[in-house]
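Notebook open, structure loaded. I'm jotting down what I look up as I go.

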Amino acid sequence: MDTPPSLLSELLSKPVGPATPARQTVPERDFTRQVEVTGDSAEVVINAPVKVGEDAATATLIEQDLDPTEWEAVGFKVSEWTRPNGEPGVSTKFAFKRRGSVTDRVRFPLDELLATIRTHEPSGARPAGDHGAVILIGDTQFGKADGDGVEGTLTRAIDCINKAADRLEQLSDFYSIGHAHVVFLGDHVEGFVSQGGANVWRTPLTLTEQIRLTRRMMLHGVLTFAPLVSLLTLAGVPGNHDQAVRINGKGVTTYDDSHDVEALIAVSDAVKLAESRGLDHVEFYVPQTDELTVTLDVAGTVVTAAHGHMWRPGRHFDWWKGQAFNQASPMHQTDLLVAGHLHHLVVDTDGPRTFIQAPALESESTWFRHSTGTTGAPGIVLALTKDGQTNLIEHIR
């Protein structure tokens with residue numbers, strides 16, 4: 001019986017072409033010394049007599065600017081031949097393997113979680129109604145090694161989405177919920193731009209793997225919530241970790257140039273190609289060019305989503321007031337502001353207006369724990385809205 005693939009490897013899978021064989025070289029003509037590093041393997045070929053042994057292998061690594069503490073020799077090959085002029089030729093090839101390869105670290109055993117990723121199956125037809133449900137998902141930071149790492153964050157994200165779908169179906173017995181609005185609040189990838197790239201060592205997934213996990217988590221959200229309501233909208237806003245480009249620590253492209261935003265656009269493209277599967281009631285929204293927010297009416301409540309990195313902690317209403325003072329801004333009419341970024345749940349009100357800061361889905365920031373002793377309380381948020389009011393707020397975890 002075949003062993004099923006792990007959840008992580010399944011979500012990181014991609015179609016690849018057949019391997020291309022390496023070009024056959026003629027050592028005496030093509031090179032004197034050749035170095036080839038492919039993933040966790042390296043080969044050094046020297047077109048000259050070389051003493052074979054552990055010391056020679058270490059010296060060869062140092063000569064090629066490879067760290068000998070990172071690589072170990074796993075084999076060698078010495079070839080001899082006769083040159084056209086009759087002189088002998090000698091070639092020595094060393095094979096190395098990276099110690100504690102990245103591949104070994106990030107392929108997690110998640111076989112038991114395969115059932116969790118199955119699409120939610122509702123008990124009846126899609127309901128219509130005058131209430132809206134807002135589901136807030138933020139700060140997965142896929143790729144980050146902190147806490148329980150990629151495995152824990154991925155497990156938690158899928159589990160929370162499924163729990164929110166179950167809770168939404170339960171609430172439909174008491175409230176007529178016709179519109180669900182799922183907001184991806186940014187920092188879903190850890191990226192490599194934070195702290196000038198200082199987070200690279202603690203980020204075992206490649207950037208494309210981080211984006212792939214984000215995209216497939218988003219798609220799971222679509223397929224999970226779509227059967228539960230007559231209108232499903234999904235919004236994605238850019239954060240700081242998911243910025244596509246920084247040079248010298250600064251973002252140099254448009255403010256909406258975000259891997260997270262592009263991931264949701266990719267999911268939107270996929271859904272457009274699958275509208276015959278009953279997804280014609282699903283809509284997607286991302287910021288306009290050079291903007292950071294998405295504003296949408298959800299059952300008569302105007303909801304604005306932002307990542308939360310544009311204001312200082314606790315100053316959300318000051319930022320909101322500044323944006324609302326601009327009558328050209330859609331935030332001039334906002335009833336509910338939702339954000340992430342600071343990794344813990346906050347609910348605040350100012351008159352009829354409500355602010356919700358969603359917790360992170362990562363279990364902790366290790367740096368923050370060392371600094372303060374505080375770990376995370378990860379999860380997502382489910383809130384009900386109607387006619388400008390946010391009446392019910394739940395922390396799903």
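**Entry 1: a serine in a loop**

I began with Ser194, and Ser194 counts as buried because its relative accessibility is 7%, with the cut-off for buried set at under 20%. A caveat before going further: this is a predicted model. I then checked where Ser194 sits, and found it in the loop between strand E6 (177-184) and H6. What does Ser194 touch, once neighbours within four places in sequence are left aside? I get Asn199, His241 and Arg246.

**Entry 2: the chain as a whole**

I stepped back for the totals. The chain has 9 helices and 17 strands. Of its 397 residues, 46% count as buried. I also looked at contacts between residues at least 6 apart in sequence: 70% of them join residues at least 24 apart.

**Entry 3: H5 against H6**

Next I looked up the helix pair H5 (residues 149-171) and H6 (residues 207-225). Their axes come within 10 Å and cross at roughly 15°. Angles under 35 degrees count as roughly parallel, and H5 and H6 are therefore roughly parallel to each other. I noted the hand too: H5 passes H6 in a right-handed crossing.

Who makes the contact? From H5 I listed Val150, Leu154, Ala157, Ile158, Ile161, Asn162, Ala164, Ala165 and Leu168. Facing them from H6 are Leu213, Met217, His220, Gly221, Thr224 and Phe225. How do the residues of this H5 and H6 contact divide into nonpolar, polar and charged? I have 11 nonpolar, 4 polar and no charged.

**Entry 4: H6 against H7**

H6 also packs on helix H7 (residues 259-272), so I looked there next, with the angle at about 50° and the axes 9 Å apart. H6 and H7 are therefore oblique to each other. This crossing is right-handed.

The H6 residues in this contact are Leu207, Ile211, Thr214, Arg215, Met218, Leu219 and Val222. On the H7 side I wrote down His259, Asp260, Ala263, Leu264, Ala266, Val267 and Val271. The tally for H6 with H7 is 10 nonpolar, 2 polar and 2 charged.

**Entry 5: aromatic rings**

I searched for ring pairs and the count came to 4 aromatic pairs. I wrote up two that share Trp311. In one, the rings of Trp311 and Trp319 have centres 4.8 Å apart and planes at 40°, so I filed the pair as tilted. Trp311 and Trp319 are both buried.

In the other, Trp311 pairs with Phe355. Which way do the planes of Trp311 and Phe355 meet, stacked or edge-to-face? Edge-to-face, with 75° between the planes and 6.1 Å centre to centre. I traced where the two rings come from: Trp311 is in the loop between strand E12 (301-305) and helix H8 (316-325), while Phe355 is in strand E15 (residues 353-357). That puts them 44 residues apart, so the pair links distant parts of the chain. Phe355 is buried, as is Trp311. Taken together, ring pairs link Trp311, Trp319 and Phe355 into a cluster.

**Entry 6: positive phi outside glycine**

I then went through the backbone angles. Asp139 has phi near 55°, which is positive in a residue other than glycine. I located Asp139 in the loop between strand E5 (131-137) and H5. Buried or exposed, I asked of Asp139? Buried, with a relative accessible area of 0%.

Ala299 goes on this page as well: its phi is near 55°, again a positive value in a residue other than glycine. Ala299 is in the loop between strand E11 (294-298) and E12. Its relative accessible area is 18%, and because buried means under 20%, I put Ala299 down as buried.

**Entry 7: back to the start of the chain**

Last look-up was Leu7, which is in helix H1 (residues 7-11). At 1% relative accessibility, Leu7 counts as buried. I then checked a partner for it from elsewhere in the sequence. How far from Leu7 is the C-alpha atom of Thr155? The C-alpha atoms are separated by 8.8 Å, with Leu7 and Thr155 148 residues apart along the chain.

How values were computed
Residues numbered from 1 in each chain as written. Predicted model: local features only at pLDDT ≥ 70, side-chain atom pairs only at ≥ 80, totals over all residues. Heavy atoms only, no water. Axes fitted to C-alpha atoms, helices over the stretch in contact; angles between N-to-C directions. Helix = DSSP H or I, 4+ residues; strand = E, 2+ residues; numbered from the N terminus. Parallel < 35°, antiparallel > 145°, perpendicular 65-115°, else oblique. Left-handed = near helix turned anticlockwise from the far one by under 90°. Contact = heavy atoms within 4.5 Å. Nonpolar A, V, L, I, M, F, W, Y, C, P; charged D, E, K, R; others polar. Buried < 20%, exposed > 50% of the residue type's maximum accessible area, 1.4 Å probe, protein only. Phe/Tyr/Trp six-rings, centres within 6.5 Å; stacked < 30°, edge-to-face > 60°.
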